[in-house]
Each structure stands twice: as C-alpha cells, then as structure tokens.
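The exercises below concern one protein chain and ask for careful reading of its fold, its strands and some of its side chains. Please look through the sequence and the model before working through each solution.

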Amino acid sequence: MSASRHPVRAREDTTPDSNVVQLGRLMLSRAAELGNAMADLLCQEIDAYRDGTVVTNDDVRQSCVANLTFVFDSLAGDADVDVSPAERTGTIRALAGVPLPAVMTAYRIGFRFIWEQTLAAARASGMPTESILDATARVFLAQDTFTQAMASAYRQQLTTQILELEEERSALVEALLSRRITDQHSLWEAADLLRLPTSGPYVVVAAELPAIGKLGLPTIESKLSARDIRSAWRLLPELQVGIVHLRGRDSAETLGILVEVLRQSATARVGISQPYHELAETSDALRCARLAVTGKSPGDSLVAVFDDAPLAVAAVSAPEVMAKIRSSVLGRLDGLPSEERVTLLDTFQAWLSAGGSANQAAATIFCHPNTVRHRLRRIEELTGRLLSRPTDLAELCLALEVQRRLP
C-alpha cells in the first residue's frame with residue numbers, strides 16, 4: 001500500500017506552539033519505549049491480542065509504535081503526517097478476523113495511554129496551561145485522523161473479503177448445478193462453505209432476468225434469511241438460480257413461506273423445483289426449475305412450482321414441439337369465441353378429474369350431466385378425436401396439459 005498522508009493541525013491559522021513542538025520531539029525519542037508499554041497494556045486488555053494466536057505480540061508492538069509516532073509527529077509540527085500504518089493495521093486486523101469493535105477499543109485504550117504519557121511529560125517539563133490545551137487538541141485530532149484511516153481500510157478489506165467469498169460461493173453453486181461435485185466429502189464441504197445444512201430437503205429456484213445483468217429476485221438471500229431460510233445463489237446469463245434449504249420438520253410449510261417471499265420479490269417469472277434430499281441431485285432439480293419457469297404460472301402469479309406428474313413434464317419439456325402438438329389437436333378450438341373455448345376445456349378437465357364420470361363432472365361445474373356430455377361431443381367434433389379411443393384420449397390429455405402450462 002502506498003503511503004497516505006494527511007494534514008493534522010489543531011488550529012489552521014496559527015504558528016505551532018514551540019512548547020508543543022518541543023514536547024512532540026521529546027515524546028518521539030521515547031516512541032519505542034512507550035510502544036512496548038502500550039502493547040503490553042493492550043495484550044492484557046483485548047482478548048484478541050492476549051494469547052498472540054490471532055494477532056502476534058510483535059505485530060501489536062509495531063502497530064503501537066506507529067500510532068505513537070503518528071501522534072508525536074503531529075505534536076512536533078509535521079503538518080503532513082503518514083497514516084499508512086493505520087491503514088495497514090486496519091487491513092491486517094480485517095484479514096486476521098479481529099472484529100472492528102475490538103480494534104476500535106484497542107485504539108481507544110491506546111490513545112488514552114498516549115495522552116496520559118504526553119500529559120505527564122508536559123507537566124513534568126512545566127509546560128504552560130495554554131500549550132497543554134493546544135497539545136490536547138492536537139492529540140484528539142490525531143486520534144480521530146488515525147482511527148478513521150484504520151477503520152476505512154478495515155471496511156475496505158472486509159468488503160473485498162466478502163466479495164471474494166461471494167464469488168467462491170457463487171462458483172460452488174455453479175459447480176453443484178453442473179454436477180461437477182459428486183463425491184460425498186466434497187458435497188459436505190460445499191454445503192459448509194455455502195452455509196447450508198448437509199442434508200435436505202432442498203429446492204432449486206430459477207428466476208428469469210428482467211434485463212441483462214438485472215436480478216429477477218433482488219436481495220432474495222437476505223429476505224429468506226430473515227425468515228430463517230438458508231440459501232445460496234448464482235447469476236447465470238439468462239437466469240438467477242438459488243439452492244434453498246427447506247428447514248424444519250414440515251418442509252411443506254417452509255415451501256409455502258418460500259413461495260410467499262418469492263411472490264413478493266419477483267419481478268419476472270420464477271420456477272421452483274420439486275424438493276430433493278441430496279446436493280448431488282441439484283443438477284436434476286435445476287432442469288425441473290427451468291421447466292417450471294417455462295410453464296404457465298397459476299393465475300396472475302409469477303411463481304410456479306414444478307409438477308412432477310408425467311404429463312406435466314412432457315408438456316413443458318420441449319416447448320416448440322409441444323406447441324405444435326397443441327395446435328394440431330386443439331387448433332380448431334382457437335377459432336371459437338374465448339368464452340366458449342374456455343367452457344369446453346374446463347368441462348373436459350372436470351371430466352378427466354372425475355375419472356370420466358359425466359355425473360361427477362356436472363356436480364363439480366354446476367351443470368346438468370347431459371350438458372357435460374354435449375360439450376364432450378363438441379370437443380370430439382372439433383378435434384377429430386374420440387374420448388372412447390385410448391390413443392385419441394391420450395393426445396387430448398397431452399394437448400390440454402400443454403394448453404394449461406405453456407404461455
């Protein structure tokens with residue numbers, strides 16, 4: 001790191017007090033001695049410094065001497081003093097994992113020590129009260145400048161570490177999505193780094209991007225974390241993809257909470273895979289989440305949960321082919337008025353759900369059984385398929401599924 005220099009003056013428009021300058025030079029001559037004493041004090045008071053494992057005693061001493069030199073330089077009249085030692089301290093403490101409050105506490109204790117020693121020397125030399133007040137102002141300003149430089153460097157390094165960690169987590173998510181991690185030990189390590197439990201159930205969430213580089217689910221990880229749901233995310237060229245753990249005994253309840261949060265956050269279509277239990281299955285779950293994105297969401301919701309029924313999978317697995325099949329089978333219905341077309345298809349769906357019973361279907365959609373039979377015959381006429389012929393019925397069922405699920 002290149003040296004950073006900051007002006008430190010108690011009063012901008014006055015000539016430095018000769019008594020204060022002399023005091024600064026005196027204290028500079030004692031910087032090494034006082035630095036050792038201050039380091040001993042900090043190692044007693046600060047837990048992170050005590051045993052020398054997180055931060056070595058030698059590093060603490062070097063930092064203390066640098067702090068003392070900075071303050072005493074400012075007293076000696078150096079209006080352009082070097083704050084790079086403070087920046088170095090902030091960077092090193094962030095790398096060592098020392099919490100910033102602990103470092104700030106060390107600075108508070110250290111500067112109190114500096115001022116006590118400086119005040120004792122000033123009184124011993126018979127310095128006038130006016131000069132002591134000037135020295136006090138300079139020490140406080142030096143403390144503020146040095147502490148700000150340290151804290152700024154600490155936060156900058158912490159931001160860098162967070163970004164690097166997020167890049168590593170993102171790469172791990174991609175490795176799971178592409179099935180590049182398969183052995184159990186590596187999967188456990190990946191779960192640990194992603195801050196996910198090592199066993200499921202999980203789901204994969206895939207969200208379309210409203211624009212290139214723009215997230216479909218902004219700040220989603222923190223929103224889920226606030227609901228005690230852990231997740232890890234990766235931005236792909238066309239999708240934002242996440243691995244979400246369904247916590248607790250009732251995974252269905254957690255899935256419901258997940259859907260609720262996604263609906264509140266989504267700015268584009270979102271698909272959720274079926275639950276799965278091993279991280280090795282993540283790649284398969286991504287395929288299902290993609291299919292759910294491709295399909296038609298229920299109602300006005302942007303969020304769709306994958307239905308792993310065979311017909312549902314077939315309907316969305318090859319959208320272009322399925323669209324042609326739908327057009328081939330149901331094409332003549334497209335020429336009907338919208339209300340009539342919807343009525344016929346809803347009746348057909350009710351008849352299927354009733355296991356082929358016109359009576360039960362009629363009870364479901366509140367009409368006479370003969371009305372159901374009439375509408376079914378109308379569908380047979382328009383499609384050229386007979387409901388009594390298994391192959392024709394299968395084609396109608398697939399075409400209806402495509403109609404329901406593809407945009």
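**Exercise 1. Determine what share of the contacts between residues at least 6 apart in sequence join residues at least 24 apart, and describe the chain as a whole.**

Solution. Taking contact to mean heavy atoms within 4.5 Å, one finds that 74% of the contacts in the protein chain between residues at least 6 apart in sequence join residues at least 24 apart. The model is a predicted one, in which local features need pLDDT of at least 70 and side-chain atom pairs count only at pLDDT 80 or more, whereas totals for chains, interfaces and linings use all residues. Residues are numbered from 1 along each chain as its sequence is written, and side-chain values use heavy atoms, with hydrogens and water left out. The protein chain has 17 helices and seven strands, these being DSSP runs numbered from the N terminus (H or I with at least four residues for helices, E with at least two for strands). Of its 407 residues, 45% count as buried, where buried means under 20% relative accessible area, exposed over 50% and partly exposed in between, with a 1.4 Å probe and protein chains only.

**Exercise 2. Establish which strands pair with strand 3, and why strand 3 is described as largely enclosed.**

Solution. Two strands pair if DSSP finds at least two bridges between them. Strand 3 is joined by seven bridges to strand 5 (residues 239–245), and the two run antiparallel; within this pairing, Val205 has Gly242 as its bridge partner. Three bridges link strand 3 with strand 6 (residues 270–272), again in an antiparallel arrangement, and here Ala206 is partnered by Gly271. As for enclosure, six of the seven residues of strand 3 (residues 202–208) are buried, so the strand is largely enclosed by the rest of the structure.

**Exercise 3. Classify the ring pair formed by Phe348 and Trp351, and place both residues in their helix.**

Solution. Rings of Phe, Tyr and Trp (its six-membered ring) pair if their centres lie within 6.5 Å, and planes under 30 degrees apart count as stacked, over 60 as edge-to-face and the rest as tilted. The structure holds five aromatic pairs. In the pair of Phe348 and Trp351, the ring centres are 6.1 Å apart and the planes stand at 20°, so the pair is stacked. Because Phe348 and Trp351 are three residues apart in helix 14 (residues 338–353), about one helical turn separates them. Phe348 counts as buried at 2% relative accessibility, and Trp351 is likewise buried, with a relative accessible area of 12%.

**Exercise 4. Describe the surroundings of Arg326 and of Arg269, and state whether each is buried or partly exposed.**

Solution. Arg326 has its place in helix 13 (residues 319–330) and, at 16% relative accessibility, counts as buried. Leaving aside neighbours within four places in sequence, Arg326 is in contact with Gly331, Asp334, Ala399, Val402 and Gln403. With the side chain of Gln403, the side chain of Arg326 makes a polar contact at 2.9 Å; such a contact is a pair of N or O atoms within 3.5 Å, where within protein one must be able to donate a hydrogen and the other to accept it, and residues adjacent in sequence count only if both atoms are side-chain atoms.

Arg269 lies in the loop between helix 10 (251–265) and strand 6, and is partly exposed, with a relative accessible area of 25%. The side chain of Arg269 reaches the backbone oxygen of Val293 at 3.5 Å, while the C-alpha atoms of Arg269 and Thr294, 25 residues apart along the chain, are separated by 8.5 Å.
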